[in-house]
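Colleague: Could you walk me through this model, one question at a time? I would like to see how the chains and their parts fit together.

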Amino acid sequence: MLSRVADSLYWMSRYLERAEHTARLIDVQLSQMLEDAGADADLRWQRLLRSLRVSLDVQTGAYDITYSLIFDQDNPSSIVSCIAAARENARQVREQISSEMWEQLNLLYLQVKQTRMEQIWAAEPHKFLTSVKEGIYLFHGLLDATMSHSEGWHFIRVGRFLERATSTAALLDGHFEVFPIEATQYESEPLGYLSWVGLLRSCASFEAYCKVHTAVIRPAQVVEFLLLNADAPRSVRFACARMQDGLQAIAKTTNTRNSGRVERLTGRLRASLDYYQIDEILSDDMHEYLESIQRQCVLIHSGLYQVYLAYPIEVALTSRNAAHA
Amino acid sequence: MIIPETRGQPSLPSPFSSYTLDEAFDEMLDASGQPRPPYLELYNRLLEMPPETLYQRQQAANTAFLNQGITFTVYGDNEGTERIWPYDLLPRIITSEEWEKIEKGLTQRITAINLFLKDVYNDGRILDDGIVPRWLIYSCKHFRREMRGVPVPRDTYVAVDGTDLIRLADGRFAVLEDNLRVPSGVSYMLANRHVMIRTFPALFGSYGVRPIDHYGQALFNTFLSLAPAGRVDPVIVLLTPGVYNSAYFEHAYLARQMGIELVEGRDLIVHDNVVYMRTTAGLKRVDVIYRRVDDDFLDPLVFRSDSTLGVPGLFNAYRAGNVTLANTIGTGVADDKAVYSYIPAIIRYYLGEEPILPNVETYLLSNEDHRKYTLEHLDELVVKAVGESGGYGMLIGPYSTAAQREAFREQIIANPRNYIAQPTLNFSRSPCIIDRQIEPRHVDLRPFVLFGEHVTIVPGGLTRVALQRGSLVVNSSQGGGSKDTWVLADAP
């Protein structure tokens, strides 16, 4: 397919994942503020702002922060901005997605564009944020049911899971920055139990975690679950596996001979998550480890561009085009 | 001011009770108010049909267009708001004899035009022989000096042409203008037929209407025949300016119909005078470009340097014979409205034949006498800018205000080469559903002519309707609509 088209599908997907993630984070944060507006509430805001890399001060207040993260069109990472960007990308390649997908995305866009902060803050932000998440779930349902699982579909998957891997790592990193744990305390009950539950809920993983580990929260197990669990759809390991599947499918479809670089990078990241033990991670520098995951995601993104989307002509003409010339 | 309807009106039963006749040829009724033979079946069905049914079917048709996303955008509209394609349910019917003549006339015309273009960009014999004034050609905005002496595959300058026909009061079809650059509207022709079959299946079936759905295939074959020599499995692409272009729907539709890639300028790269498109599987060579981008924007190295829609180096690749452009660059010199008035002479010169389809009387305003006459009769004539399309740059005398006429007067005096004038023609009218009644509206016809290995003209074309009562402007950008065109199969 045209590189530009693959690029638009990839970014449409990343923006939607970003919007969904942000919606979930804010939803959990606001809900927990109702349950407990104690000292930890401020820390949880800090965690949210850190993990989303938003340079706002906690003192700005819940209302303004929420506005900035949901509705501010000058903030390129706000939910409204992300959905608008996703829709714009989809519009450019409308023929590639099914009409049901386009209509759903368009509907979601119109819905968030027409909503005002005052409306939802008074009523209950939870309802609005849930509808955003559901709108995106529906989009993905339609994606799976109505779009051919061919090259374009794989680019969408790669975008979604790359975004997921990096934002989960960033969330964990933000969490540990605000709620640091001594190396000896990983197996003990943590202070701020609610904040740890909040962490899991922010990854839509509390119930799944409980099925594996019961409701007993131990930092080591939470980290293990969110990083290394092979089955949990929001773990970094799961995301990397799906990303790799997608990249391999694309390599196969495009008959690419020099996808080596991007495949190696993804394979290496996946292997590290497949074969690392939790105690190895915990005994090392957690922050460094989480940063390294995010760095590798950036490299995979660049690799994707170098191989499929923005390769220089000289490379393209010499390496693999004898068949096409 | 509406063209007055002067004759005694027939008194017709509902839903035709507000149907009126004037000097214009009426497609459905003859001078005495009787339905013409091709329309008899339609007329009788409409008489029998309960009024609600007609209205419901029109709504169903509108819904069908909306659901399929068949819309169009008008320049100046807000991003994201598209208009439903305005479609009138009642077909415009053409007999097989009428069509035979149209087909012959259009074939003759496109053949002569291609010969003319080859001559004008090479030897210029027709200019030497004084048949067409040299200065007229060289002063034409769309004459591209860059094309002088450039070899064109199969000498096919115009592969896709949309010629606008009108029917005069005496029933003859005449050519109003040719569109030889980037003619559009064919996707609506195809969409109209598709919807017609679904909303009026019984009526459609009872007539023997010639099919048109082979257009995509014919178009594809036309491009295939123009591929550079020696290319096995030539790669054809459709070059679009992108999603914000008002005809984007058609670009995407045709690309899909033909099974070819829809590309924008930024997808293409020229390297060593060969055109490639950037795909995830590497660079893929391109052989034929069906370009829906105007000449000016095609190559920033040769034409407008501020264009972001084109491909740097494309013209060089073209000159080197490594890629074919359909239509070629510079065809606009032949659809310039002043040059249009010479087409009959052009047909005689190259083919030694009389034109089968007549032109409309045209005044060249660069001619002093014509200009004088025109300026004295601005309120009676239609004045058009020679290089425009879409109904822009036009003054319709009888409907104009004094201020508009004054503005045109100044423009004509300032740049007479840029204008022509024609009598305001009362071209034919066809029955349309207007608010649950049936009333006549002016229509034209745009058949699409393909010049490949053979000339292929899909029967019919796009019938455009001036939907406002009394209006003569059929362009969709100015409030026009369209109809399905039925060319009847030969009588058994």
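Here is our conversation about the chains, their domains and their strands.

Modeller: Happy to, with a word on conventions to begin with. This is a predicted model, where local features need pLDDT of at least 70 and side-chain atom pairs count only at pLDDT 80 or more, while totals for chains, interfaces and linings use all residues. Residues are numbered from 1 along each chain as its sequence is written, with chains lettered from A and ligands numbered from 1 in the order in which they are written.

Colleague: How many residues of chain B are in contact with chain A?

Modeller: Two residues are in contact if their C-beta atoms, placed from the backbone, lie within 7 Å. Chain A brings 22 residues to this contact, and they meet chain B through 20 residues.

Colleague: Which elements give two or more residues to the side of chain A that touches chain B?

Modeller: Helices (H or I, at least four residues) and strands (E, at least two) are DSSP runs, numbered from the N terminus. By class, that side of chain A has 9 nonpolar, 8 polar and 5 charged residues; here Ala, Val, Leu, Ile, Met, Phe, Trp, Tyr, Cys and Pro count as nonpolar, Asp, Glu, Lys and Arg as charged, and the others, Gly among them, as polar. The elements are helices H1 (3-35), H4 (79-92), H12 (236-254) and H16 (313-319) of chain A.

Colleague: Which element gives the most to the side of domain 1 of chain A that touches domain 2 of chain A?

Modeller: Domain bounds come from an automatic or database domain assignment, which for chain A gives domain 1 (1-146) and domain 2 (148-325). Their contact takes 27 residues from domain 1 of chain A and 28 residues from domain 2 of chain A. With 16 residues, the element that gives the most to the domain 1 side is H1(A).

Colleague: What distance separates the centres of domain 1 and domain 2 of chain B?

Modeller: Chain B is divided into domain 1 (102-168 + 212-351) and domain 2 (363-423). In their contact, 8 residues of domain 1 of chain B meet 6 residues of domain 2 of chain B. Taken over C-alpha atoms, the centres are separated by 29 Å.

Colleague: Which are the edge strands of the open sheet in chain B?

Modeller: Two strands pair if DSSP finds at least two bridges between them. The open sheet has 4 strands with parallel pairing, in the order E7-E6-E11-E12 (chain B). Pairing on one side only, the edge strands are E7 (261-263) and E12 (324-326) of chain B.

Colleague: Which residue of E12(B) stands opposite B:Tyr290?

Modeller: Strand E11 (residues 288-291) of chain B pairs with E12(B) in the parallel sense over 3 bridges. Opposite B:Tyr290 in E12(B) stands B:Ala326.

Colleague: How many residues of strand E18 of chain B are buried?

Modeller: A residue is buried if 20 or more other C-beta atoms lie within 10 Å of its own, exposed if 12 or fewer, and partly exposed in between, with C-beta atoms placed from the backbone. Strand E18 (residues 437-446) of chain B is mostly covered, and of its 10 residues the buried ones number 8.

Colleague: In E18(B), which residue is the bridge partner of B:Arg429?

Modeller: Strand E17 (residues 429-434) of chain B and E18(B) pair in the antiparallel sense over 6 bridges. Their hairpin has 2 residues between the strands, and B:Asp435 takes a positive phi near 50° there. The bridge partner of B:Arg429 is B:His442.
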